[in-house]
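Let's take a walk through a protein structure together. Have the sequence and the 3D view ready, and follow along at your own pace.

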Amino acid sequence: MQLFPTVLILSNKFDFSTDLITIQLSREGVSYLRLNRDQLELYDIDLDPLIPVLRVTYENTQYEINEQKLHSIYYRAPTFLRDIYQQTASAEEQLYRTQWAAFVRSLDIFEKVKWVNNPVATYRAENKPLQLLYAQRAGFHVPHTHITNRITEKPVSPVAIKSLDTAIVHDNDQEAFVYTRIVDPAEITDTRYSSPFIAQHALVPKLDLRVTIIENQLVAVSLQGEEEINEDWRLYKDSIHYEIIKLPKEIETACILFTQSLYLNFAAIDLILHNNQYFFIEVNPTGEWSWLQKNTGFRFDQLISKSLSS
Amino acid sequence: MEHILLRQAFRYKQVTELTLSGFDYEPAVGAWIENGGETYLVEHDSFPVCGTKKFDVETGEDAKGQ
């Protein structure tokens with residue numbers, strides 16, 4: 001049997017949000033192929049870059065992916081562009097990681113299709129200082145920010161301390177994840193640290209908002225704790241009340257403009273409402289949405305599937 | 001002095017492997033399905049994952065690294 005998918009999905013086997021998308025596409029009768037990065041060895045794969053065409057065979061089915069049939073690529077995969085020389089992995093495993101990672105990057109040759117999102121755009125958009133600059137250009141209020149390894153001047157008000165990039169470290173047989181923390185000025189000492197971090201004027205009290213954007217569609221959700229949350233709301237996620245809200249028109253416009261300025265078709269923007277003003281905090285181009293679907297009932301999977309198939 | 005970021009890090013036991021008994025991943029469908037049944041894992045009553053984020057383990061929303 002030969003199939004000509006209109007949607008190509010790059011994910012991994014345990015990404016359950018992708019399950020929601022494939023199920024929705026299946027119910028809509030959309031032809032798709034999900035390739036999992038952790039299972040690529042199960043397929044026979046052949047890519048001709050000059051046409052371009054990708055042929056994938058699994059058991060008795062051959063999938064031919066070409067730009068005449070393909071509408072979109074849903075990219076649920078890491079964006080770090082190189083993965084070389086992992087001393088703790090076997091030679092075979094090192095080759096698997098480096099060569100398949102390069103293969104996934106190779107799919108960028110499908111230039112004419114819609115990417116949600118293109119990894120090159122995602123990679124650029126994950127630059128937090130760039131996010132703040134572009135957000136300001138789009139019309140957002142942005143908290144006063146420094147990226148530094150040393151705070152020399154004692155702040156007069158609390159400071160939000162956060163990592164410059166996602167920070168998950170292995171530490172004494174545990175994993176450690178760095179959330180945003182509000183630090184009192186009294187705790188700030190003039191110390192030169194070994195690596196930089198973000199020090200931002202803390203906006204407290206605040207209301208956290210998550211704005212999910214899929215092309216020109218926008219869904220804003222407020223995240224409210226049982227008690228006032230001044231720190232990272234993810235620390236309180238089990239007791240949060242989620243509510244879909246309507247943003248002011250100018251904020252909606254800023255969200256869309258900002259997303260387009262980074263060439264993203266999907267974005268998860270974190271905003272804060274503070275003193276009746278909306279502040280941009282950050283965007284995650286690969287942000288999660290299924291937890292919001294579960295907690296609000298809004299069908300993000302339908303919105304994404306529609307974007308992928310149209 | 002300990003880094004200001006590490007001082008405030010949330011520490012948890014590393015999840016090394018995820019097992020899903022009673023369900024298999026079906027490559028042709030691209031989803032996990034109950035063994036011998038037609039129920040998708042993500043639509044199963046006992047499936048909590050999509051209500052949290054990544055099994056309550058933070059990964060910065062996606063697995064950005066390899």
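A good place to begin is inside chain A of this predicted model, where the centres of domain 2 and domain 3, taken over C-alpha atoms, are separated by 23 Å. The two domains also touch: domain 2 of chain A brings nine residues to the contact, and domain 3 of chain A brings eight residues. What kinds of residues does domain 2 of chain A place on the side that touches domain 3 of chain A? They divide into four nonpolar, four charged and one polar.

To find these parts in the view, use the domain assignment of chain A. Domain 1 covers 2-116, domain 2 is made of 123-142 + 205-309, and domain 3 covers 145-201.

Now turn to chain B. Here 50 residues of chain A are in contact with 37 residues of chain B. On the chain B side, the elements giving two or more residues are α1 (4-7), β1 (10-13) and β3 (31-34) of chain B. Which of the elements gives the most to this side? That is β1(B), with four residues. Sorted by class, the side of chain B that touches chain A holds 20 nonpolar, ten polar and seven charged residues.

Keep your eye on β1(B) for one last stop. This strand pairs with β12 (residues 174-177) of chain A, running in the antiparallel sense over four bridges. To see one position in the pairing, look for A176(A): the residue that stands opposite, in β1(B), is R11(B).

Note on methods:
Residues numbered from 1 in each chain as written. Chains lettered and ligands numbered in written order. Predicted model: local features only at pLDDT ≥ 70, side-chain atom pairs only at ≥ 80, totals over all residues. Domains from an automatic or database assignment. Contact = placed C-beta atoms within 7 Å. Nonpolar A, V, L, I, M, F, W, Y, C, P; charged D, E, K, R; others polar. Pairing = 2+ DSSP bridges.
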